[in-house]
Amino acid sequence: MNLQLEKCQQISIYQDSQNQNINYILKVQNLFPIEVNINNNSLNLWQKIRPEYLIGYEKILNSDCFFNHFNSENDELELSEASQILRENYLMEFCEKMENLDFLPLDSYQISNVLHENGVNVRFLGEIYKLSKLKFIKELCQVEIVSRICKKILRNNIYDCKRNFFQGEMKNFQINIKTNKMQQWKKSQDNNSNFKSINNESQEDDKKKKIQNCHNYLIENLLDFLNLLLGSGQETQYFWNQIINKQAIVDFKCQINQQDIINGGLLNAIKYHCNIDFDFDLNIDIFDCTQPLKKENIKGFLCTQKSYDQSALLINRLGSKYKQQMSQNQNEQAFQSLNYILHVQEWNNENLFYFIKLLSDQSEILLNFYNFEQSIEKAHFILNIAPKYHICQLKALGNLIKAKLMKKENQKCIEYFDKAVQIIEFNLGQAHPMHSILYSILGYFYFQKKQYDDALSLYKSSLMNSKKSLGQYHLQTAEIYKDIGLVYMKMGEQENAFTNFINASQIFQKQNKLKSLQYANLITQIANLCIVQSNQICKYQQLFIYIFFFQQFKISYKKVCTIVTQVLVYMNIIKRHIKKIQQTLN
């Protein structure tokens, strides 16, 4: 990491008294330099730059900068420059990656991981909201901002409730103890040992009763808070305008639009961040009635624990390779690596959502082995342990859809597909690219089974949603156009196929992606189609324009040989047509 540890004066180093070769670094957070906002005159010494950003930064920054008066002006300028690049350039690149679907977080757990893995602090959610042009990213940011504000408010509220309850009850508690003592003393003044036993039992009963009363008091306050947040009426409107919105401006430098909040996404985000559990269903009417939740819906607070990720352990280092192995289709190695991590997680049992993610990946690998029964069993286990109507069920449902389709159980496949669509809509809204991705996945499987009519219908639904959620000039939209073109080719409708290929090509040209491998694959499909349509000379002119672009592509030797072979075929066809035209003219 690009840090000068010897210059950092804000940390402490403790040497083990029994083993002098072991040193412990205390106050590790002070290893990282503070983030300087040049638009703000005041400095927040607790706002640090994340290590993931520092690793890729070209200069070494001084962690003591602005903490003492002995730092050079150059250190302060370098730190200000790094902070400015983070805010103005790095965040813009991060937003572009999100818009290009390089990563697609779906819930609070995934959002935190994506932000941190890319060196972006959570406090920049407001900046991401402003920079992003796509609605689904803005909605995701707003839900996350509101839920984090609710966590802060609820923690303060719980502290105040406990303090007020114990202060208000303490006098009564002490009076009851004295009264009980006197009553027990009068009844047992001839038996001191019996008095002590009864007195201890009485105090224990009073203690349990007091704890139960405190718990009930907190549950009532939690219910009032949730109904104030999720209800309707003047009080709710005031709460959102004067508390939620103002806190969002202070913490995240952005305003909240209550109309853009996705119901299911907000409910699950609040449960995750506030560590509370309450029941709801898909038809819950939040923002439509004054009390959307009842007392019987509230289950209470959840106990949480945190531990070190222990990534340096050999078993974790071996297990962390499973993602790369899956992407390289090394299923056996990936399955073994994944089992290492699962053993650690079963012992640790800290993060349910991470555990569900691992099990979902294991179910997918089993599906790649055509081990349908175990894959289905894992997927059903995930659905049983996952929170109700939570988006973390999505991958397990996707695996069930694939497995049932491979087993030709089409009715079950449709049931799981409908459930997946419901969960996506509940948590992410009607205009989210996950709808498009889900339709495309199912369309691809129908395409593989040569059920082209069903595949075409699903791809068209995917295209419609992609235009709605991402726009008509997004690369994801271009890929769907290409998939539709492939279906039309298999159906023998070359004109429709060519039209969809051209639509995809125009998007690649508009997005300046003419040197991408995806565009090269698209051109190959157009070339194949032009061989079939050899009776149309005008298509050859278009073909040579595409072949010209191939000269700039970095593609494999096999792909080059394929293209050269196709070019020779085109040249022979065109020569024959030119001879026929010349003979006709003569």
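**Exercise 1. Is Y53 buried or exposed, and which class does Y90 fall into?**

Solution. Y53 has 4% relative accessibility, so this residue counts as buried. The cut-off for buried is under 20%. Y90 stands at 24% relative accessibility and therefore counts as partly exposed. Keep in mind that this is a predicted model.

**Exercise 2. Classify the pairing of the Y53 and Y90 rings.**

Solution. Begin with the total: the structure holds 17 aromatic pairs. For Y53 and Y90, the ring centres are 5.0 Å apart and the planes meet at 75 degrees, so the pair is edge-to-face. Planes over 60 degrees apart earn that label. Now place the residues. Y53 belongs to helix α1 (residues 51–56) and Y90 to helix α2 (residues 73–99). They are 37 residues apart, so the pair links distant parts of the chain.

**Exercise 3. Do the same for Y389 and F426.**

Solution. Their ring centres lie 6.2 Å apart, with planes at 65 degrees, so this pair is edge-to-face. Y389 sits in the loop between α13 (372–385) and α14 (394–406). F426 sits in helix α15 (residues 410–428). Both Y389 and F426 are buried. Ring pairs also join them with F278 and F280 in a cluster.

**Exercise 4. Check the length of helix α17.**

Solution. Helix α17 covers residues 452–469, which makes 18 residues. At 1.5 Å a residue, the span should be 26 Å. The end C-alpha atoms are 25 Å apart, which agrees. Buried residues of α17 include Y452, L456, Y459 and L463. After the helix comes G471, with a positive phi near 105 degrees.

Note on methods. Residues are numbered from 1 along each chain as its sequence is written. This is a predicted model: local features need pLDDT of at least 70, side-chain atom pairs count only at pLDDT 80 or more; totals for chains, interfaces and linings use all residues. Side-chain values use heavy atoms; hydrogens and water are left out. Helices (H or I, at least four residues) and strands (E, at least two) are DSSP runs, numbered from the N terminus. The expected span of a helix is 1.5 Å times one less than its number of residues. Buried means under 20% relative accessible area, exposed over 50%, partly exposed in between (1.4 Å probe, protein chains only). Rings of Phe, Tyr and Trp (its six-membered ring) pair if their centres lie within 6.5 Å; planes under 30 degrees apart count as stacked, over 60 as edge-to-face and the rest as tilted.
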